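Thank you all for making time this morning. I would like to walk through one model with you, going from the whole chain down to a few single residues.

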Amino acid sequence: MNGTTAIPTVSNCTLTPENLNTTSSSHTSPWFSTVFAAVGIISNLIAFVVLINAYRKAQSRSRSCFLVLLCGLVMTDFTGLAVTASIVLTYHHTRFSWEVVDPHCHLCEFLGYAMVFFGLSPLLLGATMAVERFLGINRPFLRTTSSSKQRAWLAVFMIWLFSMIVGLLPIWGLGQYTHQWPKSWCFFNMTSEGGDMAFSLLFSGVGLLSLAMSVVLNTISVVTLFRVCFSRESLQRRRDHEVEMMVQLLGIMIIATVCWAPLLFLIIKVALTDRPKDIDKATTLIMCIRIATWNQILDPWVYILFRRSVLKRFYPSLKYRPSISSLYPAINASYRRRFTQASVTPTLE
C-alpha cells in the first residue's frame with residue numbers, strides 16, 4: 001500500500017508505529033535486562049532474610065508494625081521483578097512473535113496489569129509507612145492505642161487490593177494495555193483521548209499523591225525526631241530504633257521520588273498534550289521505565305545497609321535519647337494517671 005508497512009492489530013492491544021521498530025539498541029540488550037533482573041531479585045531475597053531476623057527480634061509494637069510494612073514492600077518488589085522479568089526476558093532471549101504466542105492479548109494485558117500493580121503498590125506502601133512513622137513520632141499515644149501487627153498486615157492487603165482494582169480498569173474498559181517499543185513489554189496506552197487520558201491521569205495522580213504525602217509527613221517526622229534527640233528533658237530511654245526506622249524511611253522516600261517522578265510527569269505530559277510522539281515518546285518512556293525499575297533494586301539495600309548495627313559504625317553515639325513522649329509532658333502525665341488508675345481499681349475491688 002503505497003510502499004508503507006501495514007500496522008497489524010492484535011485484539012485490543014494495538015501495535016503502534018513505534019512498536020514496529022525492531023532496530024537493535026542498548027535498550028534491547030538481553031544480557032543487560034538479565035543482569036538487571038537478577039541483581040534485583042537477589043537483593044530482595046537478602047533484604048527479606050534480614051527483615052525476618054529483625055522481625056523475630058523486635059520487641060516494641062511500633063517497630064513490629066513498621067517491619068510488617070517493610071516486609072510487604074520487599075515481597076511486592078521481589079514478586080514484581082520475578083513476574084515481569086519472566087516475560088520480558090523470555091522475549092529478549094527467544095524473540096517470540098506476540099501475534100503467534102498471544103493472539104488474543106491475554107499475556108500483554110497480564111504484563112500491563114503487573115506493571116501497574118507492582119508500580120503503584122510500593123508507592124502506596126511508602127506513603128503508608130510515612131503515615132505510620134508520623135503517628136508514631138508526632139502522635140505516639142494515639143498510635144499506641146490503635147496499632148497492631150494484624151492492622152499493619154490489613155493495611156498491606158488493602159493496598160494490594162486497591163492496586164489490583166486500578167490495574168484491572170484497562171481490562172474493564174478504562175484505557176487499554178498495548179505493546180510498547182521495542183515490543184518486549186506492555187503498558188497502558190498513553191494518549192490524550194478519552195479513557196486513555198483518564199487512566200493515565202489516575203495512575204500518575206495516585207503515584208504523585210503518594211510521593212507528596214511521603215515527603216510532607218517524613219519532613220515533619222524528621223523535624224520532630226531531631227527535637228527529641230537534642231532535647232534535655234529528664235525522661236530518657238533508647239531511641240536508636242526510632243532513628244533507624246526514620247533513616248530507612250527517608251532512604252525509601254528519596255529513592256522512590258528520584259526513580260518514579262520522571263515517569264509520572266511524563267505520563268501526565270503525554271496524556272494532556274499527546275507530546276512527544278512516535279519514536280521520541282517510545283525511547284523516553286522506556287528510559288523512564290528503566291529508572292523506575294531501579295526503585296525495586298535499590299529499595300532492599302536501604303534495609304540491608306541502614307540498620308542499627310551498620311549505623312552505629314558511622315555514629316557510635318547512637319544510644320540513649322529522650323523519649324518521644326517527653327515532648328508531650330501533659331499528655332504523658334494524663335496517660336500515666338489513667339493506666340495507674342486502671343491497674344489499681346481491680347485490686348480494690
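How much area does the protein chain expose, and what share of it do carbon and sulfur atoms supply? The exposed area is about 17000 Å², and carbon and sulfur atoms supply 67% of it, with areas taken from the Shrake-Rupley method with a 1.4 Å probe, where for residues only the protein chains shown count as cover.

Before going on, please keep in mind that this is a predicted model, in which local features need pLDDT of at least 70 and side-chain atom pairs count only at pLDDT 80 or more, while totals for chains, interfaces and linings use all residues. Residues are numbered from 1 along each chain as its sequence is written, and side-chain values use heavy atoms, with hydrogens and water left out.

The protein chain has 11 helices and 4 strands, where helices (H or I, at least four residues) and strands (E, at least two) are DSSP runs numbered from the N terminus. Of its 349 residues, 51% are buried, meaning under 20% relative accessible area, with exposed being over 50% and partly exposed in between (1.4 Å probe, protein chains only). Taking contact as heavy atoms within 4.5 Å, 83% of the contacts between residues at least 6 apart in sequence join residues at least 24 apart.

The unreviewed UniProt entry lists several stretches as "transmembrane region", among them residues 31-54 and 66-90; such annotations may be inferred rather than shown by experiment, feature names are shortened, and positions are given in the numbering used here. In the model, residues 31-54 are 100% helix and 0% strand, with end C-alpha atoms 35 Å apart, and residues 66-90 are likewise 100% helix and 0% strand, with 36 Å between the end C-alpha atoms.

Turning to the interior, the largest nonpolar core (buried Ala, Val, Leu, Ile, Met, Phe, Trp, Tyr and Cys residues joined through side-chain atoms within 4.5 Å) has 76 residues, and those that touch the most other members include Val-116, Trp-260 and Tyr-303. Helix 4 (106-138) is one of the elements that give two or more residues to this core, and helix 4 provides its largest share, 16 residues. Leaving aside neighbours within four places in sequence, Tyr-303 is in contact with residues including Ala-47, Leu-70, Asp-77 and Gln-248.

Next to Tyr-303 in sequence, Ile-304 lies in helix 9 and is buried, at a relative accessible area of 8%; its C-alpha atom is 9.2 Å from that of Phe-48, although the two are 256 residues apart in sequence.

A search of the whole structure finds 1 salt bridge, defined as a side-chain nitrogen of Lys or Arg within 4 Å of a carboxyl oxygen of Asp or Glu. Glu-132 and Arg-133 form a salt bridge with the closest N and O atoms 2.8 Å apart, and both residues are buried.

Finally, some backbone geometry that I would look at with care. Most residues other than glycine have a negative phi, and most peptide bonds are trans. Arg-95, however, has a positive phi of about 55 degrees and is partly exposed at 43% relative accessibility, whereas Cys-105, with a positive phi near 70 degrees, is buried at 0%. Trp-181 and Pro-182 are joined by a cis peptide bond, with omega about 5 degrees, and Pro-182 sits in the loop between strand 1 (177-180) and strand 2.
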